[in-house]
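Me: Got a minute to go through a model with me? I'll drop it in below and then pester you with questions.

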Protein chains: 2
Amino acid sequence: MIKEGKIKKTKFSKQRDLILNILRSCSCHPTADWIFTEARKTNPTISLGTVYRNLNLLAAEGRIRELCFGKGVSLYDGDLRDHYHVRCNVCGKVEDVPHISPRVSDQQIEELTGYQIHSHRLEFSGICSECRE
Amino acid sequence: MIKEGKIKKTKFSKQRDLILNILRSCSCHPTADWIFTEARKTNPTISLGTVYRNLNLLAAEGRIRELCFGKGVSLYDGDLRDHYHVRCNVCGKVEDVPHISPRVSDQQIEELTGYQIHSHRLEFSGICSECRE
DNA sequence: CTAACTGCAAAGTTTTTGCAATTGC
DNA sequence: GCAATTGCAAAAACTTTGCAGTTAG
């Protein structure tokens, strides 16, 4: 649950900067733990708690996106451009859907529900070509 | 991750039946724990483990749906009709989107990605009218 | 009879948090 | 200097699992 109203002053921190760079430079959709392991290669003393705190902060600021498939794990995405995801139900892999125009209007949903819509997520699931064999 | 190939013989169980009825007769999107509490009112000895086992089994059989927003919790939905969800980022409430024709073609995604698509999820998020005050 | 299912409790995962020390502005 | 941030470790939250006993077919 994102607290939308909470405006907090943030300082630069090299840990946060590192996390953001890792997320921006990888093309995958990593877990917090993967980011932690990756971050340790550059900063061997960074802690997992810091990784989580910064991922939450960055997501709340809208500088990264948090994805969520199935229970348990969150995945993070540093690509803010409008795009959607496909997920393989067998191997769990998550990939971007290259380019598709949504044709779903947030405004239409606002009229239907009375919600003020900020964003939408569209996720496809099925079986990838490797797993189909 | 859903194991698609696993076909298992199932017996009737009153616990599973109860869980399914609870889910079908409520219009909300409850957590496993809420279902557990509700189930205890009818069957005071049912265990949380049994609730989880049955929710997973029912979801794997496609008799219920598992939703997932943010980290931590799964929500369950007994309504199998095609529909989408809106979620309030402030209070966390999840509601159905009354009626909308998707206009998203799974087939188009199959062509783009090479995945064999089974389903898609579309979720809107924003702020509900109560929380907007 | 026997494989599926259950309750219980213990264990597993993932994420959050309290605290004292550190750091950016 | 002060508030934001950190590392650490402990705790919290959620889900799964092993086991011995029970139940549906």
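Me: How far is the polar side-chain atom of T50(A) from a phosphate oxygen of DNA strand D?
Reply: In this predicted model, that gap is 2.5 Å. S13(A) also has a polar side-chain atom by a phosphate oxygen of DNA strand D, at 2.4 Å.

Me: And which base atom of DNA strand D pairs up with the side chain of R53(B)?
Reply: A base oxygen, 3.2 Å from an N or O atom in the R53(B) side chain.

Me: Which residues come nearest to DNA strand D?
Reply: K11(A), S13(A), R16(A), T50(A) and Y52(B), out of 24 residues around the strand (a residue is near if one of its heavy atoms lies within 4 Å). Of the strand D atoms that come within 4 Å of the protein, sugar and phosphate make up 69%.

Me: What classes do the residues of that surface near DNA strand D fall into?
Reply: 11 polar, 8 charged and 5 nonpolar. Here Asp, Glu, Lys and Arg are charged, Ala, Val, Leu, Ile, Met, Phe, Trp, Tyr, Cys and Pro are nonpolar, and the others, Gly among them, are polar.

Me: Which element gives the largest share of the surface near DNA strand D?
Reply: α3(B), with 5 residues. Helices are DSSP runs of H or I, at least four residues, and strands are E runs of at least two, numbered from the N terminus.

Me: Before we switch topic, any ground rules?
Reply: Residues count from 1 along each chain as written, chains are lettered from A and ligands numbered from 1 in written order. Local features need pLDDT of at least 70 and side-chain atom pairs 80 or more, while totals for chains, interfaces and linings use all residues, and side-chain values use heavy atoms, leaving out hydrogens and water.

Me: OK, chains A and B. How many residues are in contact?
Reply: 49 of chain B with 49 of chain A, contact being heavy atoms within 4.5 Å.

Me: How many salt bridges across that interface?
Reply: The rule finds 4, taking a Lys or Arg side-chain nitrogen within 4 Å of a carboxyl oxygen of Asp or Glu. E66(B) and K71(A) meet in a salt bridge at 3.4 Å, N to O. β5(B) gives the most to the side of chain B that touches chain A, 12 residues.

Me: How do the two β5 strands pair, parallel or antiparallel?
Reply: Antiparallel, over 11 bridges, with residues 116–127 forming β5 of chain A. Pairing takes at least two DSSP bridges between the strands. In β5(B), H120(B) is the bridge partner of F124(A).

Definitions and conventions
Polar contact = N/O pair within 3.5 Å; in protein donor to acceptor, adjacent residues only side chain to side chain.
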